[in-house]
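Let us take a friendly walk through a protein model together. Keep the picture in view, and turn it around whenever a residue is named.

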Amino acid sequence: MQLLKDDPRYRMEAYQFVREALSFGQRYQEEQDEEPSEEEEDLDLECFEEEIDELEDDLEGWEEEEDVERHLTGQVLCQAIRQYAQQQYGLLAKVVLNSWGIHTTGDFGEIVYNLIGIGMMRKSKSDRREDFDDQYDFEDAFVKNFDFQLSEESGQA
(Lines give C-alpha, C1' and ligand atoms only; values in the text may rest on other atoms or scores of the structure.)
Protein backbone atom coordinates (compact mmCIF):
# COMPACT_ATOMS: atom_id res chain seq x y z
CA MET A 1 0.00 0.00 0.00
CA GLN A 2 1.30 3.43 -0.96
CA LEU A 3 0.46 4.91 2.44
CA LEU A 4 2.97 2.63 4.17
CA LYS A 5 5.63 3.51 1.61
CA ASP A 6 4.98 7.25 2.01
CA ASP A 7 5.10 7.09 5.82
CA PRO A 8 6.83 3.96 7.14
CA ARG A 9 6.64 5.06 10.80
CA TYR A 10 3.41 3.18 11.43
CA ARG A 11 2.33 -0.38 10.72
CA MET A 12 -0.89 -1.21 8.89
CA GLU A 13 -2.42 -2.36 12.19
CA ALA A 14 -2.05 1.19 13.53
CA TYR A 15 -4.20 2.57 10.72
CA GLN A 16 -6.80 -0.17 11.15
CA PHE A 17 -6.88 0.38 14.89
CA VAL A 18 -7.41 4.15 14.60
CA ARG A 19 -10.29 3.59 12.18
CA GLU A 20 -11.84 1.04 14.54
CA ALA A 21 -11.38 3.41 17.49
CA LEU A 22 -13.10 6.17 15.51
CA SER A 23 -16.11 3.89 14.99
CA PHE A 24 -16.01 2.98 18.68
CA GLY A 25 -16.01 6.68 19.62
CA GLN A 26 -18.84 7.49 17.24
CA ARG A 27 -20.97 4.65 18.61
CA TYR A 28 -20.24 5.75 22.17
CA GLN A 29 -21.19 9.34 21.37
CA GLU A 30 -24.44 8.19 19.73
CA GLU A 31 -25.31 6.10 22.80
CA GLN A 32 -24.68 9.11 25.04
CA ASP A 33 -26.89 11.27 22.84
CA GLU A 34 -29.68 8.68 22.86
CA GLU A 35 -29.76 8.16 26.65
CA PRO A 36 -32.59 10.22 28.10
CA SER A 37 -31.69 12.68 30.81
CA GLU A 38 -33.30 12.33 34.24
CA GLU A 39 -35.71 15.11 33.35
CA GLU A 40 -36.74 13.35 30.14
CA GLU A 41 -37.25 10.07 31.98
CA ASP A 42 -39.65 11.77 34.41
CA LEU A 43 -41.87 13.21 31.69
CA ASP A 44 -45.08 11.33 30.93
CA LEU A 45 -45.52 11.74 27.20
CA GLU A 46 -48.19 9.08 26.65
CA CYS A 47 -50.88 11.71 26.19
CA PHE A 48 -48.88 13.10 23.25
CA GLU A 49 -48.18 9.79 21.46
CA GLU A 50 -50.39 10.53 18.42
CA GLU A 51 -48.93 14.01 17.95
CA ILE A 52 -45.38 12.67 18.34
CA ASP A 53 -46.03 9.95 15.74
CA GLU A 54 -47.41 12.52 13.31
CA LEU A 55 -44.42 14.81 13.85
CA GLU A 56 -41.99 11.95 13.32
CA ASP A 57 -43.73 11.05 10.05
CA ASP A 58 -43.62 14.69 8.93
CA LEU A 59 -39.93 15.04 9.80
CA GLU A 60 -38.83 11.79 8.16
CA GLY A 61 -37.81 13.51 4.93
CA TRP A 62 -35.90 16.21 6.81
CA GLU A 63 -33.59 13.88 8.69
CA GLU A 64 -30.00 13.47 7.59
CA GLU A 65 -28.96 10.21 6.01
CA GLU A 66 -28.38 7.38 8.47
CA ASP A 67 -24.87 6.64 7.19
CA VAL A 68 -23.54 10.14 7.89
CA GLU A 69 -20.81 9.63 10.44
CA ARG A 70 -20.54 11.73 13.57
CA HIS A 71 -17.56 14.03 13.74
CA LEU A 72 -15.16 13.64 16.65
CA THR A 73 -12.62 16.30 17.54
CA GLY A 74 -8.98 15.31 17.87
CA GLN A 75 -9.24 15.53 21.64
CA VAL A 76 -12.35 13.35 21.81
CA LEU A 77 -10.87 10.84 19.37
CA CYS A 78 -7.76 10.55 21.55
CA GLN A 79 -9.94 9.69 24.54
CA ALA A 80 -11.92 7.17 22.48
CA ILE A 81 -8.65 5.60 21.33
CA ARG A 82 -7.49 5.31 24.94
CA GLN A 83 -10.71 3.61 26.01
CA TYR A 84 -10.76 1.32 22.98
CA ALA A 85 -7.10 0.33 23.46
CA GLN A 86 -7.74 -0.51 27.11
CA GLN A 87 -10.82 -2.50 26.16
CA GLN A 88 -9.06 -4.42 23.39
CA TYR A 89 -5.60 -4.97 24.86
CA GLY A 90 -5.89 -4.35 28.61
CA LEU A 91 -2.57 -3.85 30.35
CA LEU A 92 -0.77 -4.60 27.08
CA ALA A 93 -2.27 -1.56 25.31
CA LYS A 94 0.90 0.54 25.53
CA VAL A 95 3.07 -2.36 24.35
CA VAL A 96 0.77 -3.07 21.40
CA LEU A 97 0.53 0.57 20.33
CA ASN A 98 4.31 1.01 20.66
CA SER A 99 4.88 -2.08 18.49
CA TRP A 100 2.90 -0.36 15.74
CA GLY A 101 5.00 2.80 15.97
CA ILE A 102 2.57 4.75 18.16
CA HIS A 103 4.23 6.38 21.17
CA THR A 104 2.28 9.62 21.76
CA THR A 105 -1.15 11.04 21.05
CA GLY A 106 0.55 13.14 18.38
CA ASP A 107 1.08 9.88 16.48
CA PHE A 108 -2.71 9.45 16.37
CA GLY A 109 -2.88 12.84 14.66
CA GLU A 110 -0.25 11.80 12.12
CA ILE A 111 -2.20 8.62 11.36
CA VAL A 112 -5.52 10.47 11.09
CA TYR A 113 -4.06 13.08 8.75
CA ASN A 114 -2.41 10.38 6.63
CA LEU A 115 -5.86 8.76 6.33
CA ILE A 116 -7.41 12.12 5.49
CA GLY A 117 -4.75 12.55 2.80
CA ILE A 118 -5.88 9.38 1.01
CA GLY A 119 -9.61 10.06 1.50
CA MET A 120 -10.28 7.42 4.15
CA MET A 121 -11.22 10.00 6.80
CA ARG A 122 -12.58 13.53 6.71
CA LYS A 123 -11.92 16.66 8.70
CA SER A 124 -13.90 19.75 9.49
CA LYS A 125 -12.72 23.28 8.85
CA SER A 126 -11.82 23.74 12.51
CA ASP A 127 -9.77 20.52 12.81
CA ARG A 128 -6.01 20.84 13.15
CA ARG A 129 -3.28 18.25 13.30
CA GLU A 130 -2.10 19.84 16.58
CA ASP A 131 -5.44 18.96 18.23
CA PHE A 132 -3.97 15.52 18.93
CA ASP A 133 -0.77 16.68 20.61
CA ASP A 134 -0.15 16.08 24.31
CA GLN A 135 -3.62 14.78 25.19
CA TYR A 136 -2.20 12.27 27.65
CA ASP A 137 1.01 10.48 28.50
CA PHE A 138 1.03 6.81 27.47
CA GLU A 139 2.72 5.67 30.67
CA ASP A 140 0.06 7.42 32.76
CA ALA A 141 -2.92 6.42 30.60
CA PHE A 142 -2.04 2.80 29.90
CA VAL A 143 0.10 1.73 32.87
CA LYS A 144 -0.07 3.90 35.99
CA ASN A 145 -3.73 4.93 35.75
CA PHE A 146 -5.11 1.88 34.00
CA ASP A 147 -8.90 1.86 34.33
CA PHE A 148 -10.09 -1.62 35.33
CA GLN A 149 -13.65 -2.28 34.24
CA LEU A 150 -15.58 -5.48 34.83
CA SER A 151 -18.04 -6.50 32.18
CA GLU A 152 -21.41 -7.95 33.10
CA GLU A 153 -20.25 -11.34 31.78
CA SER A 154 -17.39 -11.48 34.27
CA GLY A 155 -19.82 -11.51 37.19
CA GLN A 156 -19.46 -9.86 40.53
CA ALA A 157 -16.50 -10.34 42.83
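The report below starts with the whole chain and then moves to its helices, its core, its aromatic rings and one loop.

**The whole chain**

Please keep in mind that this is a predicted model. The protein chain has eight helices and zero strands, so its pattern along the sequence reads α-α-α-α-α-α-α-α, following the convention of counting helices from the N terminus. Of the 157 residues in the protein chain, 31% are buried. The surface that the chain exposes comes to about 11,400 Å², and carbon and sulfur atoms supply 46% of that area. Now consider the contacts between residues with a separation of 6 or more: 77% of them join residues 24 or more positions apart.

**Two helices**

Here are α5 and α7, each with its residue range, its number of residues and its span from first C-alpha to last.

| Helix | Residue range | Number of residues | Span | Expected span at 1.5 Å a residue |
|---|---|---|---|---|
| α5 | 74-89 | 16 residues | 22 Å | 22 Å |
| α7 | 105-117 | 13 residues | 19 Å | 18 Å |

The span of α5 is close to the expected value, and the span of α7 is also close to its own. In α5, the buried residues are Gly74, Leu77, Cys78, Ala80, Ile81, Arg82, Tyr84, Ala85 and Gln86. In α7, they are Thr105, Gly106, Asp107, Phe108, Gly109, Ile111, Val112, Asn114 and Leu115. When you look for a pattern in such lists, a general rule helps: an α-helix has 3.6 residues a turn, so residues three or four places apart point the same way.

A glycine with a positive phi follows each of these helices. Just after α5, Gly90 has a phi of about 60°, and just after α7, Gly119 has one of about 80°.

**The nonpolar core**

Which residues have the most contacts inside the largest nonpolar core? They are Ile81, Leu97, Ile102, Phe108, Ile111, Tyr136 and Phe142, in a core of 31 residues. The elements giving two or more residues to this core are α2, α5, α6, α7 and α8. Helix α2 provides the largest share, seven residues.

Ile102 is a good residue to click on. Leaving aside neighbours within four places in sequence, Ile102 is in contact with Tyr10, Ala14, Leu97, Asp107, Phe108, Ile111 and Phe138.

**Aromatic rings**

Next come the rings. A pair of aromatic rings is described by the distance of the centres and the angle of the planes. The whole structure contains ten aromatic pairs. One of them joins Phe17 and Trp100 in a tilted arrangement, with 5.7 Å from centre to centre and 50° between the planes. This pair links distant parts of the chain: Phe17 belongs to helix α2 (residues 12-34), while Trp100 sits in the loop between α6 (93-99) and α7, 83 residues apart.

Are these two rings' residues buried or exposed? Phe17 counts as buried because its relative accessible area is 1%, under the 20% limit. Trp100, at 9%, is buried too. Both residues belong to one aromatic cluster, formed by Phe17, Phe24, Tyr84, Tyr89 and Trp100.

**Thr105 and the loop before α8**

Our last stop is Thr105, which is found in helix α7. Thr105 is buried, with a relative accessible area of 1%. The side chain of Thr105 reaches the backbone nitrogen of Gln135 at 3.1 Å. Apart from neighbours within four places in sequence, Thr105 is in contact with Cys78, Phe132, Asp133, Asp134, Gln135, Tyr136 and Phe138.

One of those partners, Asp134, lies in the loop between α7 and α8. Most residues other than glycine have a negative phi. Asp134, though not a glycine, has a positive phi of about 55°. Asp134 counts as exposed because its relative accessibility is 74%, over the 50% limit.

Asp137 also has its place in the loop between α7 and α8 (138-144). With a relative accessible area of 42%, Asp137 is partly exposed. A polar atom of the Asp137 side chain lies 3.0 Å from the backbone nitrogen of Asp140. The C-alpha atoms of Asp137 and Thr105 are 7.8 Å apart, although 32 residues separate the two along the chain.

How values were computed: Residues are numbered from 1 along each chain as its sequence is written. This is a predicted model: local features need pLDDT of at least 70, side-chain atom pairs count only at pLDDT 80 or more; totals for chains, interfaces and linings use all residues. Side-chain values use heavy atoms; hydrogens and water are left out. Helices (H or I, at least four residues) and strands (E, at least two) are DSSP runs, numbered from the N terminus. The expected span of a helix is 1.5 Å times one less than its number of residues. Buried means under 20% relative accessible area, exposed over 50%, partly exposed in between (1.4 Å probe, protein chains only). A polar contact is a pair of N or O atoms within 3.5 Å; within protein, one must be able to donate a hydrogen and the other to accept it, and residues adjacent in sequence count only if both atoms are side-chain atoms. Rings of Phe, Tyr and Trp (its six-membered ring) pair if their centres lie within 6.5 Å; planes under 30 degrees apart count as stacked, over 60 as edge-to-face and the rest as tilted. A nonpolar core is a set of buried Ala, Val, Leu, Ile, Met, Phe, Trp, Tyr and Cys residues joined through side-chain atoms within 4.5 Å. Contact means heavy atoms within 4.5 Å. Accessible areas come from the Shrake-Rupley method with a 1.4 Å probe; for residues, only the protein chains shown count as cover.
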